[in-house]
Amino acid sequence: MKAVVLVGGAGTRLRPLTFSTPKPLLPIANIPFLERQLHWLAGYGVDEAVLSLGYLPEAFLEHFSDERFGDMKLRFVIEHEPLGTAGGIRFAAEGINERLVVCNGDVLTDLDLAEFVTFHEARGASATISLARVENPSAFGVVPTRSDGEVIAFVEKPPRDQAPTNWINAGTYVLEPSVLSSIPPRLNVSIERETFPRMLEHPGQLYAMRSEGYWLDIGTPEKYFDAHLDVLAGQLGLPPTPTAKEQSPGVWVEPGAVVEDSATLEGPVLIGAGARVGAGAVVRRSVLGAGAVVGAGAIVHESVLLEGARLGDRESLDRVVLGDDVRLDVGGAA
Ligand code: GDD
Ligand code: MG
């Protein structure tokens with residue numbers, strides 16, 4: 001099975017991190033988000049993924065320079081101007097004439113893709129949308145359905161308190177070729193605002209499956225941080241990284257990390273390869289990327305240090321993401 005992953009957005013809500021790294025390549029607990037997503041797709045037999053690129057495409061080409069992810073073949077399609085979600089899918093799927101899985105490139109989920117495809121097939125749908133339940137649906141596409149899953153309406157980002165249900169578009173779709181060919185080529189088209197609402201004019205085409213599994217859109221700083229803690233807590237059913245060892249409950253350490261004896265790690269915590277935690281430092285509910293440094297006596301609380309970031313002696317961080325190689329040393333002691 002083939003997949004298209006939409007990774008063309010600019011990730012504006014995650015600036016400044018996304019000025020230099022596109023959102024899908026930002027790590028979640030030390031593994032680039034997109035790799036987590038491709039791993040999930042591969043687990044359901046997806047053997048080829050087309051990455052629909054627009055913003056900072058070179059970063060993806062460099063990251064996956066052998067055009068593979070494990071056994072999965074990768075293809076890159078670059079939009080020279082944003083084509084929107086449906087326009088992007090249409091452009092990326094040029095030449096593909098079979099059923100496709102499509103994913104938003106910022107959704108962390110353990111959705112059972114096999115069950116999802118079976119649901120789609122059983123209803124003879126042209127398109128099926130996966131649904132997740134959230135507290136505040138107004139930031140999402142809201143999707144009321146009949147009891148058999150047929151979609152009644154698709155309302156993208158309704159005003160607060162006007163959403164007809166808490167079930168929202170979770171950003172994974174199964175699409176038949178007929179849907180792809182209905183999208184006008186080379187135009188900016190939104191699947192949420194145009195393609196799906198238009199499909200509702202013909203009953204029996206558009207279905208949606210509710211799923212109670214893990215689901216998170218990582219697109220805001222708060223959610224990006226939450227994703228780290230959820231991965232550390234095993235909510236995706238996997239250890240946070242293949243090489244981390246759990247030294248005590250919730251305290252994961254990668255090979256080559258050095259933690260001074262007098263330092264305190266309060267889980268959930270992940271200390272990346274070659275990272276260093278100085279004497280007397282406290283790292284609590286946080287993630288250190290590879291080679292990150294926490295100075296002596298420093299305190300890191302609910303924060304993320306990306307690869308190579310350095311925090312000086314006796315400095316403290318509280319709900320902060322330090323970008324790659326950033327050095328924070330207000331006291332100038334490190
Ligand atoms: N190729 C391409 N071209 N990709 C794009 C474009 C484009 O012009 N615009 C956005 N994308 C990609 C983004 O990179 C992201 O992976 C995905 O499409 C969705 O865009 P977001 O900007 O993250 O949208 P959202 O989070 O506000 O809303 C979408 O996702 C929600 C679930 O997380 C919608 O699909 C909502 O209906 C949905 O509920
Ligand atoms: Mg999003």
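What follows is a chat about side-chain contacts, a metal site and a ligand site in a predicted model.

Me: Let's start with the rings. How many aromatic pairs turn up in a search of the whole structure?
Reply: The search covers the whole structure of this predicted model. One of the pairs is Phe64 with Phe69. The count of aromatic pairs is four.

Me: What is the angle between the planes of Phe64 and Phe69?
Reply: The ring centres of Phe64 and Phe69 sit 6.5 Å apart. Planes over 60 degrees apart count as edge-to-face, and that is the class of this pair. The angle itself is 85°.

Me: And is Phe64 buried or exposed?
Reply: The cut-off for buried is under 20% relative accessible area. Phe69, at 19%, counts as buried. Phe64 has a value of 3%, so Phe64 is buried.

Me: Are the rings of Tyr173 and Phe196 stacked or edge-to-face?
Reply: Their centres are 5.1 Å apart. The planes meet at 75°, so the pair is edge-to-face.

Me: How many residues apart in sequence are the parts that Tyr173 and Phe196 tie together?
Reply: Tyr173 belongs to strand 12 (residues 167-175), while Phe196 belongs to helix 7 (residues 191-199). Both residues are buried. The pair therefore ties together parts whose separation in sequence is 23 residues.

Me: Which residue joins Tyr173 and Phe196 in a cluster?
Reply: Tyr173 and Phe196 pair with each other edge-to-face. Ring pairs link these two into a cluster with Phe154.

Me: Which ring does Arg123 lie over?
Reply: Arg123 is 3.6 Å from the ring centre in question. The face that Arg123 lies over is that of Phe119.

Me: On to the metal. Which residues are the protein donors of the magnesium ion (ligand 2)?
Reply: The donor atoms are OD atoms, lying 2.1 to 2.4 Å from the ion. Both donor residues are buried. They are Asp106 and Asp217.

Me: How many residues apart in sequence are the parts those two donors tie together?
Reply: Asp106 and Asp217 are the protein donors of the magnesium ion (ligand 2). Asp106 is in the loop between strand 7 (100-104) and strand 8 (107-109), and Asp217 is in strand 14 (residues 215-217). So the pair ties together parts with a sequence separation of 111 residues.

Me: Which residue meets Asp106 in a salt bridge?
Reply: Asp106 is buried, with a relative accessible area of 8%. Its salt-bridge partner is in the loop between helix 1 (17-20) and strand 2 (27-28), so the pair ties together parts that are 83 residues apart in sequence. The N to O distance is 2.9 Å, and the partner is Lys23.

Me: How many salt bridges does the count come to?
Reply: The cut-off is a side-chain nitrogen of Lys or Arg within 4 Å of a carboxyl oxygen of Asp or Glu. By this rule, the number of salt bridges is eleven.

Me: Which residue does Arg75 form a salt bridge with?
Reply: The closest N and O atoms of the bridge are 3.0 Å apart. Arg75 lies in strand 6 (residues 72-78) and its partner in strand 4 (residues 48-53), so parts 27 residues apart in sequence are tied together. Arg75 counts as partly exposed at 27% relative accessibility. The partner is Glu48.

Me: Which residue shares a salt-bridge network with Arg99 and Glu176?
Reply: Glu176 and Arg99 form a salt bridge, with closest N and O atoms 2.7 Å apart. Glu176 sits in the loop between strand 12 and helix 6 (177-182), and Arg99 in the loop between helix 4 (84-92) and strand 7, so the bridge ties together parts 77 residues apart in sequence. Through shared partners, salt bridges join these two into one network with Glu121.

Me: How many residues surround ligand 1?
Reply: Among the closest are Ser52, Lys157 and Asp217. The number of residues surrounding ligand 1 is 26.

Me: How far is a nitrogen atom of ligand 1 from an N or O atom in the side chain of Ser52?
Reply: An oxygen atom of ligand 1 lies 3.0 Å from a backbone N or O atom of Gly141. An oxygen atom of ligand 1 is also 3.4 Å from a polar backbone atom of Leu83. For the nitrogen atom and the Ser52 side chain, the distance is 2.6 Å.

Me: Last one: which residue's backbone oxygen does the side chain of Ser286 reach?
Reply: Ser286 is in strand 20 (residues 282-288). Ser286 counts as buried, at 0% relative accessibility. Its side chain reaches, at 2.6 Å, the backbone oxygen of Arg284.

Technical notes: Residues are numbered from 1 along each chain as its sequence is written. Chains are lettered from A and ligands numbered from 1 in the order in which they are written. This is a predicted model: local features need pLDDT of at least 70, side-chain atom pairs count only at pLDDT 80 or more; totals for chains, interfaces and linings use all residues. Side-chain values use heavy atoms; hydrogens and water are left out. Rings of Phe, Tyr and Trp (its six-membered ring) pair if their centres lie within 6.5 Å; planes under 30 degrees apart count as stacked, over 60 as edge-to-face and the rest as tilted. Buried means under 20% relative accessible area, exposed over 50%, partly exposed in between (1.4 Å probe, protein chains only). Helices (H or I, at least four residues) and strands (E, at least two) are DSSP runs, numbered from the N terminus. A charge sits over a ring if NZ of Lys or CZ of Arg is within 6 Å of the ring centre and within 35 degrees of the ring normal. Donors are N, O and S atoms within 2.8 Å of the metal (3.2 Å for Na, K and Ca); water is not among the atoms, so sites may look incomplete. A residue is near a molecule or strand if one of its heavy atoms lies within 4 Å of it. A polar contact is a pair of N or O atoms within 3.5 Å; within protein, one must be able to donate a hydrogen and the other to accept it, and residues adjacent in sequence count only if both atoms are side-chain atoms.
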